[in-house]
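Work through the following exercises with the model open beside the text. Each task is followed by a solution that proceeds step by step.

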Amino acid sequence: MKIAIIKTPLGLAEIQGDANGISKIHIVEQEILVNQENPVELIDAIKQLEEYFEGKRHQFSLKLNPIGTDFQRKVWQELQQIPFGKTCTYLELSKKLGDIKAIRAVASANGKNPLWIVIPCHRVIGTDGSLTGYAGGLWRKKWLLDHENPTKQETLF
């Protein structure tokens with residue numbers, strides 16, 4: 001497994017993957033050295049994440065290899081269908097997956113998403129519109145949603 005550490009506006013991110021695809025992208029909470037030379041297998045992921053943060057990329061086209069159960073993979077696949085700049089509720093996601101009663105399992109799978117940003121679990125919100133449950137911290141979820149919002153709200157004062 002190859003590893004790269006990159007700086008993002010939300011902190012350091014670790015990317016893991018190999019020739020089979022990207023298996024994990026997550027925030028690193030402790031200080032760690034940023035790679036001087038990145039593994040060739042991760043260069044495309046690094047470039048696409050940088051473009052995302054620069055506002056130049058709205059979709060990712062990476063070979064993904066997340067590790068999870070069949071159900072988790074099904075949820076993660078559905079998360080990738082949420083368009084850039086849009087949100088979806090856990091209830092809506094459960095309905096799309098065909099089982100409204102699976103809302104807690106869907107939320108759990110969402111929380112175990114191993115591919116930060118690329119599989120956009122940050123686009124899932126509570127039924128009442130609240131920002132709920134985000135492994136990277138709600139402030140990061142808010143930042144990501146604001147970053148993706150195509151119409152920025154102007155202040156009145």
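Helices (H or I, at least four residues) and strands (E, at least two) are DSSP runs, numbered from the N terminus. The model is predicted, and local features need pLDDT of at least 70, side-chain atom pairs count only at pLDDT 80 or more, while totals for chains, interfaces and linings use all residues. Residues are numbered from 1 along each chain as its sequence is written, and side-chain values use heavy atoms, with hydrogens and water left out.

**Exercise 1. Place serine 23 and describe its surroundings.**

Step one is the element: serine 23 is found in strand E3.

Step two is accessibility, where buried means under 20% relative accessible area, exposed over 50%, and partly exposed in between, with a 1.4 Å probe and protein chains only. Serine 23 has a relative accessible area of 8% and is therefore buried.

Step three is the list of contacts, a contact being heavy atoms within 4.5 Å. Leaving aside its neighbours within four places in sequence, serine 23 touches Met1, Gln16, Gly17, Asn65, Pro66, Pro114 and Leu115.

**Exercise 2. Reconstruct the sheet to which E3 belongs.**

Begin with the order: three strands form an open sheet, E1-E2-E3, with antiparallel pairing. Strand E1 (2-8) and strand E3 (21-28) stand at the edges with a single partner strand each, so one side of each has no neighbour in the sheet. Neighbouring strands of this sheet are turned by 20° against each other on average, direction ignored; axes are lines fitted to C-alpha atoms, for helices over the stretch in contact, and angles run from 0 to 180 degrees between N-to-C directions.

Next, take one pair in detail, noting that two strands pair if DSSP finds at least two bridges between them. E1 and strand E2 (residues 11-18) are joined in the antiparallel sense over seven bridges, and the bridge partner of lysine 7 in E2 is leucine 12.

**Exercise 3. Determine how helix H1 is packed.**

First, the orientation: H1 (residues 43-53) lies across E1, E2 and E3 and runs at about 15° to E1.

Second, the buried positions in H1 are Ala45, Ile46, Gln48, Leu49, Glu51, Tyr52 and Phe53, and their cover includes E1, E2, E3 and helix H5 (138-148).

Third, what follows the helix: glycine 55 comes after H1 and has a positive phi, near 80°.

**Exercise 4. Identify the residues at the centre of the nonpolar core.**

A nonpolar core is a set of buried Ala, Val, Leu, Ile, Met, Phe, Trp, Tyr and Cys residues joined through side-chain atoms within 4.5 Å. In the largest one, with 35 residues, those touching the most other members are Ile15, Ile25, Val75, Leu79, Leu93, Trp116 and Leu144. Elements that each supply at least two residues include E1, E2, E3, H1 and helix H2 (70-79), and H1 gives the most, with five residues.

Then follow one member outward: leaving aside its neighbours within four places in sequence, valine 75 is in contact with Leu93, Leu97, Val106, Ala109 and Asn110.

**Exercise 5. Examine the backbone at isoleucine 117.**

Isoleucine 117 lies in the loop between H4 and strand E5 (124-125). Its phi is near 70°, a positive value in a residue other than glycine. With a relative accessible area of 1%, isoleucine 117 is buried.
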